[in-house]
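I opened the notebook to go through one model, looking up its packing, its charges and its surface in turn.

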Amino acid sequence: MRLTKFILSRLLAWFLTILVGITVVFFLQRMMPADPVEGMITKMTSMGTTLSPEEIENMRATLARQYGLEGSLFEQYLDTLKRLAHFDFGLSMTNYPTTVASMIAQALPYTLCLLLVTTILSWIIGNAIGLLAGFKKEKWYSKLMETISMCIYPIPYFMVALVIMILMAYVKRWFPLVPSFGEFAFSWEWLSKVIYNSFMPALSLMLVGTGWWIISMKALSSNVAEEEYVNYGRLKGLTEATIGYRYVFRNSILSQVTALALHIGGVFGGSLMCEITFSYPGVGQLINSAIYNSDYNLLTGVIFISIFAVATATLLIDLIYPLIDPRIRNS
């Protein structure tokens with residue numbers, strides 16, 4: 001009974017998180033001053049297309065129906081929820097008649113590969129260095145690593161990205177300013193091209209991300225290293241390696257696992273600045289284009305995927321966390 005209640009409460013929180021997020025996005029979009037239907041008609045007339053008043057009215061009604069802007073605000077809201085429940089995001093308003101789902105499917109793999117790889121690598125490297133800096137904080141190399149991470153982490157991301165771009169693309173010309181991936185082909189040639197063109201954005205994300213993991217893990221491990229059970233382990237004659245792994249690492253990593261799940265779920269949030277800076281063809285570029293062109297459907301689709309990923313990652317970590325931490329399982 002307790003287990004069923006626990007799972008149902010987490011599922012309810014997952015559902016409400018997605019619903020509230022979509023509701024906020026929906027009504028914020030409708031508060032934007034631009035009208036996508038009028039924008040499309042203006043775009044067509046500016047290209048030399050001559051339309052009569054009757055044709056303009058018919059087109060306005062057709063576009064409103066296809067864009068999901070027909071009816072009252074509440075009717076549009078219900079229609080949006082119904083379509084999102086089936087992962088139907090409609091047609092893009094700026095790339096008509098391309099579907100939003102196809103645009104996301106084309107951009108999503110690039111963002112997932114870049115953000116997931118850099119997030120996991122920075123998590124592993126940062127936690128390893130942070131554990132060493134917190135457990136062996138009297139050593140000179142621990143203090144050096146902590147100082148370097150504290151100097152890098154507060155720097156705004158766009159400054160790190162610009163420095164990397166200037167040094168590696170302008171000065172040394174090791175990498176291109178605008179990446180070119182070509183058509184997808186399951187081959188080493190295509191994969192090597194992706195790795196080559198993704199190196200600068202990956203390096204910038206890893207530098208900032210690793211600094212944060214080092215600082216957080218150092219704070220956790222240094223506090224754990226001063227607990228009484230750690231001193232008891234030393235009195236028992238355990239080696240420093242055993243104490244570091246079984247006592248300090250295993251108790252410090254619990255919070256970091258939760259943070260990793262939230263970071264993985266929120267990879268889309270970190271893609272916007274990165275992809276705009278490096279002209280990377282991912283989901284961040286779609287968000288930028290949707291906001292700039294008032295593309296309701298595209299923005300709703302991308303944000304829905306982001307909210308769904310964060311909420312699902314939080315749900316999964318809530319369900320598996322008792323398996324990681326016996327204190328929660330026993331309670």
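The entries below record what I looked up. The model is predicted.

**Nonpolar cores**

I began with the largest nonpolar core and found 21 residues in it. Leu114, Tyr157, Met200, Leu205, Cys274 and Phe278 have the most contacts inside this core. I then checked where its residues come from: α5 (100-135), α7 (157-171), α8 (188-224) and α11 (271-278) each give two or more. The largest share, seven residues, belongs to α7.

I picked Cys274 for a look at its neighbours. Leaving out residues up to four places away in sequence, Cys274 touches Leu114, Tyr157, Pro201 and Leu205. I also noted a second core, separate from the one above, with 19 residues. Met103, Ala107, Leu298 and Phe304 are among them.

**Salt bridge**

How many salt bridges does a search of the whole structure find? I got one. Arg83 and Asp79 form a salt bridge through their side chains, with 3.3 Å from N to O. Both sit in helix α4 (residues 73-85), and because they are four residues apart there, about one helical turn separates them.

Next I asked whether Arg83 is buried or exposed. Its relative accessibility is 16%, so Arg83 counts as buried, the cut-off being under 20%. Asp79 has a relative accessible area of 31% and is therefore partly exposed.

**Nonpolar surface patch**

I looked for nonpolar side chains on the surface and found a patch with about 1,100 Å² of accessible area together. Its members include Ile155, Phe158, Met159, Leu162, Val163 and Ile166. Leu177, Val178 and Met273 also belong to the patch. Helix α7 gives the most to it, eight residues. I note again that α7 also gives the largest share of the largest core.

As one patch member I took Leu167, which lies in helix α7. Leu167 has a relative accessible area of 47%, so I entered it as partly exposed; exposed would need over 50%.

**Ser252**

My last entry is a polar residue, Ser252, in helix α10 (residues 240-265). Ser252 has 1% relative accessibility and so counts as buried. What lies 2.7 Å from a polar atom of the Ser252 side chain? I found the backbone oxygen of Val248 there. Not counting residues up to four places away in sequence, Ser252 touches Met217, Leu220, Ser221 and Val224.

Conventions. Residues are numbered from 1 along each chain as its sequence is written. This is a predicted model: local features need pLDDT of at least 70, side-chain atom pairs count only at pLDDT 80 or more; totals for chains, interfaces and linings use all residues. Side-chain values use heavy atoms; hydrogens and water are left out. A nonpolar core is a set of buried Ala, Val, Leu, Ile, Met, Phe, Trp, Tyr and Cys residues joined through side-chain atoms within 4.5 Å. Buried means under 20% relative accessible area, exposed over 50%, partly exposed in between (1.4 Å probe, protein chains only). Contact means heavy atoms within 4.5 Å. A salt bridge is a side-chain nitrogen of Lys or Arg within 4 Å of a carboxyl oxygen of Asp or Glu. Patches are made of residues with over 30% relative accessible area and no salt bridge: like charges are joined within 9 Å, nonpolar side chains (Val, Leu, Ile, Met, Phe, Trp, Tyr) within 5 Å. Accessible areas come from the Shrake-Rupley method with a 1.4 Å probe; for residues, only the protein chains shown count as cover. A polar contact is a pair of N or O atoms within 3.5 Å; within protein, one must be able to donate a hydrogen and the other to accept it, and residues adjacent in sequence count only if both atoms are side-chain atoms.
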